[in-house]
Protein chains: 2
Amino acid sequence: MAPAQVIRNVRPWGQSAAVDLILAGGCIQAIKPTGETSALECLYDGQGQLLLPAFVEAHTHLDKTLWTLPWRGNSAGPTRNDRIANEHGVLNHLNSPMAERAGPLIEHCIAQGSLYFRSHVDAQTEWGLKHIEAMVAVRETYAHLVDMQLVAFPQGGLLNKPGVAELMRAALDMGVEVVGGIDPAGIDLDPIGHLRAIFDMAVTHECGIDIHLHDLGELGRWEIERIADLTHASGLQGKVMISHAYALGAFPSHELAPLADRLAALDISIMTCAPAHVSVPPVAMLRAHGVNVCSGSDSIRDAWSPMGNGDMLERAWLMAHRFGWSKDADLSMALDAVTTGGARALGIERYGLEPGCDANFVLLAAENLAEAVVSRSPRRTVISRGRLVAHDGLFLGP
Amino acid sequence: MAPAQVIRNVRPWGQSAAVDLILAGGCIQAIKPTGETSALECLYDGQGQLLLPAFVEAHTHLDKTLWTLPWRGNSAGPTRNDRIANEHGVLNHLNSPMAERAGPLIEHCIAQGSLYFRSHVDAQTEWGLKHIEAMVAVRETYAHLVDMQLVAFPQGGLLNKPGVAELMRAALDMGVEVVGGIDPAGIDLDPIGHLRAIFDMAVTHECGIDIHLHDLGELGRWEIERIADLTHASGLQGKVMISHAYALGAFPSHELAPLADRLAALDISIMTCAPAHVSVPPVAMLRAHGVNVCSGSDSIRDAWSPMGNGDMLERAWLMAHRFGWSKDADLSMALDAVTTGGARALGIERYGLEPGCDANFVLLAAENLAEAVVSRSPRRTVISRGRLVAHDGLFLGP
């Protein structure tokens with residue numbers, strides 16, 4: 001094992017007292033007051049910067065990004081099904097392999113401080129296993145730098161597309177970790193059939209579930225109740241995430257409280273990108289009821305939208321913007337969604353800033369957590385498994 | 001007059017063909033195909049960058065920023081009146097003169113590309129003329145770099161605060177250009193009295209009006225109708241702006257259409273910061289009816305909110321984010337709000353990229369307008385009145 005190294009003079013979670021972190025074997029071995037570690041080799045002098053565990057990108061679609069390609073005006077029609085069909089056409093006519101788009105995007109995300117990812121991978125029969133194999137290969141390329149979970153995602157539907165279920169099972173056999181789902185009512189038009197299929201698959205493969213739920217209002221809420229039923233019946237407590245869950249934003253708190261309590265009891269996580277043009281899950285209310293909330297970029301320059309950029313600190317800021325937060329405690333809550341909330345949702349072990357945790361960090365100039373969110377300093381330093389991988393906002397190389 | 005200079009190889013509004021701009025006397029004298037101006041002194045080689053007219057910050061409060069000060073957690077209570085009282089207390093206990101906060105903030109805004117400002121200045125009797133004089137002095141300090149309009153703003157109310165009207169009149173006599181107003185119903189509790197007072201003041205001083213209108217729903221819409229009545233009766237067509245106008249976001253298009261037509265006919269501009277936690281004016285619908293829309297940062301690190309940063313290109317991106325825009329035409333519409341929409345709202349002459357316009361520009365790396373909004377390149381170059389004032393995102397000095 002390499003000799004211990006030290007990160008000097010950093011302030012974990014923005015605490016006022018600076019400390020030194022002693023690292024060994026890619027983990028935090030000990031934390032000492034600054035100045036007591038002078039005998040050890042210095043990996044990085046933080047000069048009083050704020051130290052956070054690396055950000056968790058809990059929802060994105062690296063497989064379909066158009067990152068690195070020339071600008072492409074969005075050509076989709078207005079409905080969700082139009083967008084699905086449009087994307088299919090766009091991706092079918094690309095000459096750029098997935099590795100040449102997703103790879104540079106992962107490096108860009110690393111430079112901004114994300115070292116944990118959950119990325120959905122389309123399971124579409126037209127592409128067979130090729131698309132999934134390409135994404136598994138991209139993950140392998142960056143496995144020394146980032147932890148990445150993949151979700152077998154039936155973007156175009158599951159029950160209504162013969163062969164998709166088989167493709168998802170094949171993906172799970174290839175090392176994809178999570179069963180995906182999408183709008184059981186709105187896309188497959190058979191909510192109970194869709195949910196039973198994905199819960200059966202998760203039980204059989206002993207894995208978790210992550211369901212895209214855009215269905216709105218009463219319909220979406222009813223589906224969330226059914227997801228809770230099946231989570232309980234399948235014994236999948238702590239392994240289910242509902243992504244987007246716009247419907248939770250359509251009801252007043254007093255009406256939503258029983259469902260929030262149920263989500264908390266079943267440890268079902270809610271992922272929101274905090275979009276501003278639709279209703280969104282009421283993050284503060286859900287957290288007050290004990291529901292775990294995480295966040296993600298979703299689209300990053302893809303055929304759905306050109307708007308994402310993979311910056312999870314900016315995503316925390318967008319969450320604060322979405323709810324009009326300005327208090328320090330609220331800004332910290334937004335930061336929690338892209339750090340510990342994401343780690344809990346993804347079941348990441350050894351996450352945090354305690355001895356024994358993996359040495360995966362972001363350092364940035366800010367007085368405290370609230371200022372970190374507001375200023376979104378782009379000059380970040382990133383350490384992965386005890387190794388400096390980005391400095392001053394720039395990726396240092398694969 | 002100084003000899004003509006040239007900005008080489010730039011793409012106005014992102015057009016594909018690069019051109020050279022010949023500048024003389026701080027204005028655009030002519031536009032030529034790139035390469036035909038080699039005899040002239042080169043001010044800046046744009047290397048194919050996108051060229052825009054400088055951004056218009058149409059709504060901010062430079063007088064109350066806490067910019068440059070250590071982080072201060074937001075201490076306001078939940079209501080609008082709580083926030084007003086809290087801010088009063090915060091500003092009363094500052095040791096930092098306005099010039100030391102507003103000055104660096106203006107330099108920061110310049111570096112991001114804003115060279116036109118409309119800034120509201122509190123008229124509060126406790127401060128008398130000192131506060132207004134300080135802001136007029138700050139404007140004078142930067143008069144060689146930026147065009148700034150000031151608004152005499154009755155933050156705490158007008159009719160309900162004896163002496164505020166006199167202070168506003170004194171401000172107008174000192175060179176403040178615009179009469180401000182605030183929630184005629186919600187704060188002064190006398191909508192007709194408040195509106196008559198500010199319209200009378202505007203007519204007497206031959207100036208425009210800019211009204212903060214946070215009042216929501218039916219109440220706010222009713223007030224907008226009354227503002228339209230008085231704009232017509234006072235002959236102030238083209239000189240009235242309604243800032244925020246949240247109420248316009250509370251109604252479906254078919255119901256709002258007659259009012260939109262009326263705003264367009266009276267050339268009343270709507271300013272929205274595109275916040276995400278309240279209803280906002282439906283920008284695309286209003287523009288389709290011919291209503292001029294502009295935008296601003298509003299609070300920039302002040303006692304109301306720590307969230308603003310004065311970046312008007314980011315504000316355009318936030319507008320796109322607010323409405324879920326992803327089409328190139330919509331992204332360009334957002335950019336219009338921070339450029340030509342702002343110029344029309346503020347009545348700025350010689351604005352644009354045609355011969356005869358002032359040489360006030362932002363240059364940035366982007367393929368087209370949509371990408372400029374999405375990427376928000378921070379490495380901008382800014383030219384004020386034919387002089388390089390910021391490069392690579394950094395202000396070059398006063």
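**Figure 1. Long-range contacts and overall dimensions of chain A in the predicted model.** Of the contacts in chain A with a separation of 6 or more, 75% are accounted for by residues 24 or more positions apart. The secondary structure of this chain comes to 12 helices and 16 strands. Chain A has a radius of gyration of 21 Å, close to the 21 Å that the globule rule gives for 398 residues, so the chain is as compact as a globular protein of that length. Along the principal axes, the C-alpha atoms of chain A fill a box of roughly 65 × 50 × 40 Å. Of the 398 residues in chain A, 53% are buried.

**Figure 2. The open parallel sheet of chain A.** Eight strands of chain A are arranged in the order S5-S6-S7-S8-S9-S10-S11-S12, and their pairing is parallel. The edges are occupied by strand S5 (55-60) and strand S12 (293-294) of chain A; each has a single partner strand, so one side of each is left without a neighbour in the sheet. At the S12(A) edge, 2 bridges connect this strand to strand S11 (residues 269-271) of chain A, and the two run parallel. Within this pairing, Ile270(A) has Val293(A) of S12(A) as its bridge partner.

**Figure 3. Helices lying across the strands of chain A.** Helix H3 (residues 130-141) of chain A lies across two strands, S6 (114-122) and S7 (147-153). The angle between H3(A) and S6(A) is about 170°. Further along the chain, helix H5 (residues 191-205) of chain A lies across strand S8 (178-182) and strand S9 (208-213). H5(A) runs at about 175° to S8(A). All four of the strands crossed, S6, S7, S8 and S9 of chain A, belong to the open sheet.

**Figure 4. Surroundings of Pro355(A) in a loop.** Pro355(A) is located in the loop between helix H11 (340-346) and strand S13 (361-364) of chain A. A residue counts as exposed if 12 or fewer other C-beta atoms lie within 10 Å of its own; Pro355(A), with 12 C-beta neighbours inside 10 Å, therefore counts as exposed. Beyond its neighbours within four places in sequence, Pro355(A) is in contact with Ile28(A), Gln29(A), Ala30(A) and Ile31(A). Leu21(A) is 334 residues from Pro355(A) along the chain, and the C-alpha atoms of the two are separated by 8.7 Å.

**Figure 5. The contact between chain A and chain B.** Chain A and chain B contribute 23 residues each to the contact. On the side of chain A that touches chain B, helix H9 (312-323) and helix H12 (369-375) of chain A each supply at least two residues. H9(A) gives the most to this side, with 4 residues. By class, the side of chain A that touches chain B comprises 10 nonpolar, 8 polar and 5 charged residues.

**Figure 6. The symmetry relation of the two copies.** A turn of 180° with a shift of 0.0 Å along the axis lays chain A on chain B with an RMSD of 0.0 Å. The two copies are thus related as by a two-fold rotation axis. In chain A, Ala276(A) has the C-alpha nearest the axis, 2.7 Å from it. The same surface serves both copies, with 100% of the contact residues of chain A recurring in chain B.

**Figure 7. The open parallel sheet of chain B.** In chain B, 8 strands form an open sheet in the order S5-S6-S7-S8-S9-S10-S11-S12, with parallel pairing. Strand S5 (55-60) and strand S12 (293-294) of chain B stand at the edges with a single partner strand each, so one side of each is left without a neighbour in the sheet. Strand S11 (residues 269-271) of chain B is joined to S12(B) by 2 bridges, and these strands run parallel. Cys294(B) in S12(B) is the bridge partner of Met271(B). Helix H5 (residues 191-205) of chain B lies across strand S8 (178-182) and strand S9 (208-213) of chain B, at about 175° to S8(B).

**Figure 8. Surroundings of Ala316(B) in helix H9 of chain B.** Ala316(B) is part of helix H9 (residues 312-323) of chain B. With 27 other C-beta atoms within 10 Å, Ala316(B) is buried. Neighbours within four places in sequence set aside, Ala316(B) is in contact with Ala334(B), Leu335(B), Ala337(B), Val338(B) and Val373(B). The C-alpha atoms of Ala316(B) and Thr65(B) are separated by 21 Å, the two residues being 251 residues apart along the chain.

Key
Residues are numbered from 1 along each chain as its sequence is written. Chains are lettered from A and ligands numbered from 1 in the order in which they are written. This is a predicted model: local features need pLDDT of at least 70, side-chain atom pairs count only at pLDDT 80 or more; totals for chains, interfaces and linings use all residues. Two residues are in contact if their C-beta atoms, placed from the backbone, lie within 7 Å. Ala, Val, Leu, Ile, Met, Phe, Trp, Tyr, Cys and Pro count as nonpolar, Asp, Glu, Lys and Arg as charged, and the others, Gly among them, as polar. Copies are superposed by least squares on the C-alpha atoms of residues with pLDDT of at least 70 in both. Two strands pair if DSSP finds at least two bridges between them. Axes are lines fitted to C-alpha atoms, for helices over the stretch in contact, and angles run from 0 to 180 degrees between N-to-C directions. A residue is buried if 20 or more other C-beta atoms lie within 10 Å of its own, exposed if 12 or fewer, and partly exposed in between; C-beta atoms are placed from the backbone. The radius of gyration is taken over C-alpha atoms; the globule rule is 2.2 Å times the number of residues to the power 0.38.
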